[in-house]
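Thanks for asking me to look this one over. Below are my notes as numbered points, to be read with the model open beside them.

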Amino acid sequence: MRSPVAPAANEQRGAGPTAAASQVVTPDAMEAAAVPARLRVGFVGAGRMAEAIAQGLIRAGKVEAKQVLASAPTDRNLCHFRALGCQTTHSNQEVLQSCSLVIFATKPQVLPAVLKEVAPVVTAEHVLVSVAAGVSLSTLEELLPPNTRVLRVSPNLPCIVQEGAMVMARGHHAGSEEAKLLQNLLEACGQCEEVPEAYVDIHTGLSGSGVAFVCTFSEALAEGAIKMGMPSALAHRIAAQTLLGTAKLLQQEGQHPAQLRTDVLTPAGTTIYGLHALEQGGLRAATMSAVEAATCRAKELSRK
């Protein structure tokens with residue numbers, strides 16, 4: 001693998017990424033697809049998701065803050081990167097010229113123009129990653145020079161608190177080592193799994209949009225308690241903690257949700273009465289339809 005590394009210290013900024021003659025090997029770097037010691041990570045686009053990923057990488061010690069360079073048209077979002085200790089610029093091409101692993105975190109409708117802008121400075125040393133929803137790998141590869149190593153990542157909002165659920169898919173020219181390197185980095189922001197690209201839109205419906213679905217359920221759960229007389233702030237705190245605790249049980253126990261649900265049930269008890277009400281309201285069918293609708297919309301966007 002052509003390991004993505006930072007420009008050597010005596011290189012002029014903007015001369016393009018090159019492989020370092022030698023690298024310091026740390027214990028973490030001895031892991032499979034470990035992060036190169038002098039890796040520089042670039043962000044084109046400095047919105048909330050880019051900031052969340054950068055924050056996760058820095059907090060986990062995957063990359064030093066000074067090794068991160070972010071670009072955006074204005075300082076509105078770049079100030080958050082500077083607060084992390086990162087470098088910033090208004091030039092997208094400068095990011096490509098200074099970093100060999102670059103994450104594109106622009107709005108989907110803006111990304112094609114951005115890729116055309118930076119294409120002249122893309123080299124064989126680059127590994128390019130898109131987190132833009134609805135932009136397929138084939139589109140990314142068409143807009144970039146031949147043989148560019150491209151990967152696509154679908155993150156979700158909990159990346160902000162390093163509890164994201166992410167999937168990634170690689171293009172034709174990205175190998176397993178590039179995929180493992182990216183997975184190693186992104187696991188600083190939560191769970192990351194490699195999948196076929198066909199699953200990316202489904203992930204958008206399940207986990208990207210799913211955050212909003214879960215928030216809606218949490219809100220409804222709390223409002224039920226408020227209706228019965230509990231103060232609003234207390235009800236919302238307990239609802240959120242109930243979701244958190246249940247999620248941890250599902251992850252740590254490794255059981256099917258139906259089994260854990262059964263563990264809560266007692267004959268003629270409160271839970272079965274509540275579940276009956278949920279079934280009467282069509283919760284299960286409505287949730288399945290929501291994931292289906294969001295997935296179909298993601299697929300529509302991918303075709304545009």
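1. Let me begin with enclosed space. The structure holds one cavity of 30 Å³ or more, and the largest cavity has a volume of about 30 Å³. Please bear in mind throughout that this is a predicted model. The lining of the largest cavity is made up of Phe 104, Leu 115, Leu 128, Val 129, Ser 130, Leu 140, Leu 144 and Val 150. Which element gives the most to that lining? Strand 5 does, with three residues.

2. Strand 5 leads us on to its partner. Strand 5 (residues 127-130) and strand 6 run parallel and are joined by four bridges. Within that pairing, Val 129 has Leu 151 of strand 6 as its bridge partner. Val 129 is also one of the residues lining the largest cavity, as is Val 150.

3. Strand 6 deserves a look of its own. Six of its six residues are buried, so strand 6 is largely enclosed by the rest of the structure. In a regular strand, side chains alternate between the two faces of the sheet. Here Arg 149, Leu 151 and Val 153 point one way, while Val 150, Arg 152 and Ser 154 point the other way. Both arginines, Arg 149 and Arg 152, are among the buried residues, which you may like to keep in view when you look at the side chains.

4. Now the sheet as a whole. Eight strands make up an open sheet with mixed pairing, in the order 3-2-1-4-5-6-7-8. Strand 3 (87-89) and strand 8 (190-194) are at the edges with a single partner strand each, so one side of each has no neighbour in the sheet. From one strand to the next, the twist averages 20 degrees. At the strand 3 edge, strand 2 (residues 68-71) runs parallel to strand 3 and is joined to it by three bridges. Ser 71 stands opposite Thr 89 of strand 3.

5. Helix 7 (residues 198-208) packs on this sheet, where it touches strand 6 (149-154) and strand 7 (164-170). The direction of helix 7 makes about 170 degrees with that of strand 7. What does Thr 295 contact, leaving aside its neighbours within four places in sequence? The contacts are Asp 201, Ile 202 and Gly 205. Thr 295 itself has its place in helix 12 (residues 283-303) and counts as buried, at 8% relative accessibility.

6. On open space, the second largest pocket has a volume of about 710 Å³. Its lining has 31 residues, and the closest to its centre are Gly 45, Gly 47, Ala 105, Thr 106 and Lys 107. Helix 1 (48-59), helix 2 (75-84), strand 6 and helix 7 each give two or more residues to this lining.

7. A word on the cysteines. How many disulfides does a search of the whole structure find? Zero. The sulfur of Cys 192 has its closest cysteine sulfur in Cys 159, 8.7 Å away, which is too far for a bond; the cut-off is 2.5 Å. Is Cys 192 buried or exposed? Cys 192 counts as buried, at 3% relative accessibility, whereas Cys 79 is partly exposed, at 36%.

8. Finally, the overall tally. The protein chain has 12 helices and eight strands, and 39% of its 304 residues count as buried. Among contacts between residues at least 6 apart in sequence, 65% join residues at least 24 apart.

Note on methods. Residues are numbered from 1 along each chain as its sequence is written. This is a predicted model: local features need pLDDT of at least 70, side-chain atom pairs count only at pLDDT 80 or more; totals for chains, interfaces and linings use all residues. Side-chain values use heavy atoms; hydrogens and water are left out. Buried means under 20% relative accessible area, exposed over 50%, partly exposed in between (1.4 Å probe, protein chains only). Two strands pair if DSSP finds at least two bridges between them. Axes are lines fitted to C-alpha atoms, for helices over the stretch in contact, and angles run from 0 to 180 degrees between N-to-C directions. Contact means heavy atoms within 4.5 Å. On a 1 Å grid over the protein atoms alone, a cavity is a set of points where a 1.4 Å probe fits but cannot get out, and a pocket is an open set with protein on both sides within 12 Å along at least five of seven lines; lining residues have an atom within 4 Å of a point. Grid points are joined across faces, edges and corners, and a volume is the space filled by probe spheres set on the points.
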